[in-house]
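User: I'd like to go through the labels on this one. Can we set each against its definition?

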Amino acid sequence: MNETIRKLISHFLNSKIQKIEPIKIGVSSRNYFRVYSKSNSYIVSIVPHDQKNEYYNFLKIHRILQKNSIPVPKILTNNDKLFFTLQEDLGLMSIQGFASKSSNYKKINTVYQKIIDLIINIQEIKIDTKVLSERSFNYKNIMNEYKRLIEPYLIINFLKIDNLTLKRKIKKYYSDLAKTISSQKMFFCHRDFQSSNIFLSKTKQISIIDFQGARLALPLYDLVSIIECNYVNLSPKVKTNLQNYYFSKNKKLCMSQIKFNELYNLTLIQRKLHDAAIFAKLFLDSKSKTYYKYLINCLEVINSKEKNIFKLD
């Protein structure tokens, strides 16, 4: 954190900053810090200047969520020149931390049901489609994700697939998947609804962060993101119970259980291809064993659902 931002925060708090701790959140390019004053702690988020649109998206989506009573951290102050926000500190217990420390099935199931209730509440937000139309999960945008991310980093650079016939087969499969997903009714979607972006207070209040990528998308996208999160290994029993809970509670789905299961699996494959490409890029840049582990896990999930996706017939 640079000295200018430090001084501005100290001035706003009318208190000397006692300590600053960097925070690592997922694979975010934003810089996060926990700032301690004499009596309290706060979170500072700083967006790189070349990604300033994310800063403005965060503020826009924050207003929408707050207006609709979705629990998000309070913004105490922000700066449009330095692209930082000073926010309420939600504490240290992310759902990733909670799930990794708890082995109690009932506790995990209860907390995750609250999270799914929150997903349904988010999807009930009525919003002018023009607000998020440019970033809706339509066919064009899903295929752009394949072109700029999945094909170069996963297919070509990591898997080293250079056979033209196989590359065409994979792209055709993804295109068909994208058509099916994008043809469904779209709802307001967090877009990165994973365990490290959801926090649990001491009173079991659920709050969300990192929502600047929100868009219109298939309702199952956020559901898949949290149930099949790369950082938490839920048991098959919990996963099935949560899927059934969502299906029974969401009255706007208007689809059969069979259709729901089909779309869940297709959304899971799409999400894991996206995540595998992200981890492939990070692994190729850093050679980190952690990113490699997550990457292989993604590929194993994909192969469990679609065995021949990376093979010629």
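Here are the terms, taken in turn.

Analyst: This is a predicted model, where local features need pLDDT of at least 70, side-chain atom pairs count only at pLDDT 80 or more, and totals for chains, interfaces and linings use all residues. Residues are numbered from 1 along each chain as its sequence is written, and side-chain values use heavy atoms, with hydrogens and water left out.

User: Why is strand E3 called largely enclosed?

Analyst: Buried means under 20% relative accessible area (1.4 Å probe, protein chains only). Six of the six residues of E3 (residues 41-46) are buried, so the rest of the structure largely encloses it. Ser41, Ile43 and Ser45 cover one side, with Tyr42, Val44 and Ile46 on the other.

User: How do you know that E3 pairs with strand E2?

Analyst: Pairing takes at least two DSSP bridges between two strands. E2 (residues 31-36) and E3 have six, in the antiparallel sense, so by that definition they pair. One bridge sets Val35 against Tyr42. On E5 (residues 84-88), E3 has five bridges, also antiparallel, including Ile46 with Phe84.

User: What makes H10 close to its expected span?

Analyst: The expected span is 1.5 Å times one less than the number of residues. Helix H10 (residues 257-286) has 30 residues, for which 44 Å is expected, and it reaches 42 Å from its first C-alpha to its last. Just after H10, Lys287 takes a positive phi of about 60 degrees.

Technical notes:
Helices (H or I, at least four residues) and strands (E, at least two) are DSSP runs, numbered from the N terminus. Buried means under 20% relative accessible area, exposed over 50%, partly exposed in between (1.4 Å probe, protein chains only).
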